[in-house]
Amino acid sequence: MPTPLPLWRGRCLDVELRCWRLPDAVGDVERDLLSQDERERAAGFKLERRRVEYVASRAYLRRALADVLGVVPWSIPISPDDAGKPQHAGGMQFNLSHSANAVLIGWGARPLGVDLEASQRKTEHVARMRIVAEVRDAASVSAIGAFTLAEAASKAIGRGLVAVRGLRLEKVVRQGEIEFLSGTQRIRANVLAVPDSYVAAVAVLD
Ligand SMILES: CC(C)(COP(=O)(O)OP(=O)(O)OC[C@H]1O[C@@H](n2cnc3c(N)ncnc32)[C@H](O)[C@@H]1OP(=O)(O)O)[C@@H](O)C(=O)NCCC(=O)NCCS
C-alpha cells in the first residue's frame with residue numbers, strides 16, 4: 001500500500017520532512033507495519049487516542065524510512081536509547097513529534113529533533129522558560145515558535161528536559177533560524193512553514 005499524501009512536505013537543514021494528519025482509528029494495516037516491540041507497547045496504552053497516535057505515527061515513520069532504505073517497514077531495526085530516543089540501528093537519523101492530530105517526521109544524516117505544536121496552544125507556561133523568552137525576543141518569533149525551536153534542539157540532543165535547561169542562544173542567523181549551544185555542542189534550528197494551524201521546528205547537531 002503506498003504512503004498516503006502528506007499534509008505538508010519540506011526540506012530544511014538537510015533534513016527531509018513530512019507532516020501527516022493522524023487518522024481517527026487504526027487497524028491491522030497500520031499495526032502490521034510495526035515491529036513486535038512496538039505492537040506490544042501499543043497494546044499497553046490505556047488511552048485509545050494515545051494508541052492511535054502512537055501506532056499511526058510509527059506506521060508513517062516506518063513507511064517513510066522503508067522508501068528511503070528500500071526495505072520492508074516492519075524489518076527496520078528501531079529501538080530507544082538510554083534516554084528513550086528512538087534510534088535506527090543502521091545509523092539513519094530521524095525524529096518525530098505528534099500534536100493536535102498530526103505527526104511531523106524528519107530524517108537525515110545528522111542527529112536531529114523535530115517539534116510540532118498546535119498554533120492555538122496556550123503559551124503562558126512555556127513563555128516563562130528562560131530560553132523560550134530569550135529566543136522569542138532575539139529572533140522575532142512567537143512564544144510558541146520559540147518553544148518549538150528549543151524543543152527541537154533538546155530532542156536533537158536527545159536528553160529530554162535536562163537538555164532544554166542547558167540550552168544557550170548562540171546567534172540569530174536570520175529570521176526563523178538560530179543557533180544554540182549546549183556545552184560545546186552547536187545546534188542549528190529552524191522554524192518550518194507548516195500549515196497555519198500548526199507551528200513546528202527542526203534542529204540538527206552541527
Ligand atoms: C520525549 C520528549 C523529549 C518530547 O516529548 P513531547 O514534546 O511530549 O512529545 P513529541 O510528540 O514532541 O515527541 C515524542 C516523540 O519523541 C521521540 N522521543 C522519545 N524520547 C526522546 C528523547 N529523549 N529525545 C528525542 N526524541 C524522543 C519519540 O519518538 C516520541 O514519540 P513516541 O513516544 O510516539 O515514539 C519529552 O517527553 C521528554 O523530555 N521526555 C523525558 C526524556 C528524559 O528526560 N529522559 C531522561 C534521561 S536523560
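How many nonpolar, polar and charged residues does the shell around the ligand have? By class, that shell has 6 nonpolar, 9 polar and 5 charged residues. Keep in mind that this is a predicted model.

**Around the ligand**

In total, 20 residues surround the ligand, and the closest are Gly-84, Lys-85, Ser-97, Lys-155 and Gly-160. Looking at elements, helix 3 (48-69), strand 5, strand 7 (112-118), helix 6 (143-157) and helix 7 (161-165) each give two or more residues to the shell. Strand 5 gives the most, with 5 residues. Both halves of the protein get involved here: the shell draws at least three residues from each of domain 1 (8-108) and domain 2 (115-205).

**Where the domains meet**

So much for the ligand; now for the two domains themselves. The protein is divided into domain 1 (8-108) and domain 2 (115-205), and their C-alpha centres lie 22 Å apart. Across the boundary, 18 residues of domain 1 are in contact with 18 residues of domain 2. On the domain 1 side, at least two residues each come from strand 1 (8-12), strand 2 (15-21), strand 5 (93-99) and strand 6 (102-108). Strand 5 turns up again with the largest share of that side, 4 residues.

Here is how the two sets of residues break down by class:

| Set of residues | Nonpolar | Polar | Charged |
|---|---|---|---|
| Shell around the ligand | 6 residues | 9 residues | 5 residues |
| Side of domain 1 that touches domain 2 | 10 residues | 6 residues | 2 residues |

**The five-stranded sheet**

Next comes an open sheet of 5 strands, with the order 7-11-10-9-8 and antiparallel pairing. Strand 7 and strand 8 (168-174) are the edge strands, each pairing on one side only. If you ignore direction, neighbouring strands of this sheet are turned by 20 degrees against each other on average.

Inside the sheet, strand 9 (residues 177-182) and strand 10 (residues 185-192) pair in the antiparallel sense over 6 bridges. One detail to pick out is Ser-182, whose bridge partner in strand 10 is Gln-185.

Which strands does helix 6 touch as it packs on the sheet? Helix 6 touches strand 7, strand 9, strand 10 and strand 11 (198-205), and its direction makes about 150 degrees with that of strand 7. Helix 6 is also one of the elements that give two or more residues to the ligand shell. Helix 5 (residues 130-139), meanwhile, lies across strand 8 and strand 9 and runs at about 25 degrees to strand 8.

Methods
Residues numbered from 1 in each chain as written. Predicted model: local features only at pLDDT ≥ 70, side-chain atom pairs only at ≥ 80, totals over all residues. Domains from an automatic or database assignment. Contact = placed C-beta atoms within 7 Å. Nonpolar A, V, L, I, M, F, W, Y, C, P; charged D, E, K, R; others polar. Near = placed C-beta within 6 Å. Pairing = 2+ DSSP bridges. Axes fitted to C-alpha atoms, helices over the stretch in contact; angles between N-to-C directions.
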